[in-house]
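Got the model open? Let's walk through it with a few quick questions, one residue or strand at a time.

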Amino acid sequence: QVQLVESGGGMVQSGGSLGLSCQASGGSIDSITMGWYRQTPTIEREWVGEITRDGIAHYQESVKGRFTISRDNDNNVLYLQMNNLKLEDSAVYHCREYQYGGWGPGTRVTVFP
């Protein structure tokens, strides 16, 4: 089963950008749809978006045009580029693989005014 570890979280001012990575190990992700989710104290893991093995991405309406999901199958990495960040984007971001439903531990993103 694939293990996932996110990185790249941090603090950023509203309107700024941040890029997250999700490194997979223990198996290849090249044939797996991968997703990004986020969790806050009041919202259980909310779907942010996902990308198919062919590179087709889908997004939650609130992040469309601001977030971009991409993948590097050669290096087993999933990415989430977040631009024009808003206060409400603050959350712990998790990646997920859809073959076995595994999750990474998450990386925290805090957007401040």
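Q: Where is N84 placed in this model?
A: Keep in mind that we're looking at a predicted model. N84 isn't a glycine, yet its phi is positive, near 50°. As for its place, N84 sits in the loop between β8 and β9 (91-97).

Q: Is N84 buried, partly exposed or exposed?
A: Buried needs under 20% relative accessible area and exposed needs over 50%. N84 comes out at 43% relative accessibility, so the call is partly exposed.

Q: What is the phi of N76, and what is its sign?
A: Most residues other than glycine have a negative phi. N76 lies in the loop between β7 and β8 (77-82), and its relative accessible area of 13% makes it buried. N76 is not a glycine, but its phi is positive, at about 60°.

Q: Which residues of strand β1 point to one face and are buried?
A: In a regular strand the side chains alternate between the two faces of the sheet. Strand β1 covers residues 3-7, and there Q3, V5 and S7 point to one face and are not buried. On the other face are the buried ones, L4 and E6.

Q: Which residue in β3 is the bridge partner of L4?
A: β1 and strand β3 (residues 18-25) run antiparallel, with five bridges joining them. Within that pairing, L4 is matched with A24.

Q: How is S21 classed by accessibility: buried, partly exposed or exposed?
A: S21 is part of strand β3. Beyond its neighbours within four places in sequence, S21 has contacts that include V5, E6 and S7, plus W36, V77, L78 and Y79. The cut-off for buried is under 20%. At 23% relative accessibility, S21 is therefore partly exposed.

Q: What separates the C-alpha atoms of S21 and G9?
A: These two are 12 residues apart along the chain. In space, their C-alpha atoms are separated by 8.8 Å.

Q: Which strand supplies the largest share of the largest nonpolar core?
A: That core has 26 residues, and W36, F67, L78, L80, M82 and Y93 touch the most other members. At least two residues each come from β3, β4 (34-39), β5 (46-51), β7, β8, β9 and β10 (107-112). With four residues, the largest share comes from β3.

Q: Which residues is L80 in contact with, leaving aside its neighbours within four places in sequence?
A: L80 is one of the core residues that touch the most other members. Its contacts include W36, F67 and Y93, which are also on that list of core members. The full set for L80 is L18, G19, L20, W36, F67, T68, I69 and Y93.

Q: Which residue has its backbone oxygen 3.0 Å from a polar atom of the H94 side chain?
A: H94 is in strand β9 and counts as buried, with a relative accessible area of 3%. Its contacts outside the four-place sequence window include E6, W36, W103, G104 and P105. The backbone oxygen at 3.0 Å from the H94 side chain belongs to G104.

Q: Is Q60 buried or exposed?
A: Q60 is found in the loop between β6 (57-59) and β7 (67-72). Leaving aside neighbours within four places in sequence, Q60 is in contact with R38, E46, W47 and V48. Its relative accessibility is 14%, so Q60 counts as buried.

Conventions:
Residues are numbered from 1 along each chain as its sequence is written. This is a predicted model: local features need pLDDT of at least 70, side-chain atom pairs count only at pLDDT 80 or more; totals for chains, interfaces and linings use all residues. Side-chain values use heavy atoms; hydrogens and water are left out. Buried means under 20% relative accessible area, exposed over 50%, partly exposed in between (1.4 Å probe, protein chains only). Contact means heavy atoms within 4.5 Å. Two strands pair if DSSP finds at least two bridges between them. A nonpolar core is a set of buried Ala, Val, Leu, Ile, Met, Phe, Trp, Tyr and Cys residues joined through side-chain atoms within 4.5 Å. A polar contact is a pair of N or O atoms within 3.5 Å; within protein, one must be able to donate a hydrogen and the other to accept it, and residues adjacent in sequence count only if both atoms are side-chain atoms.
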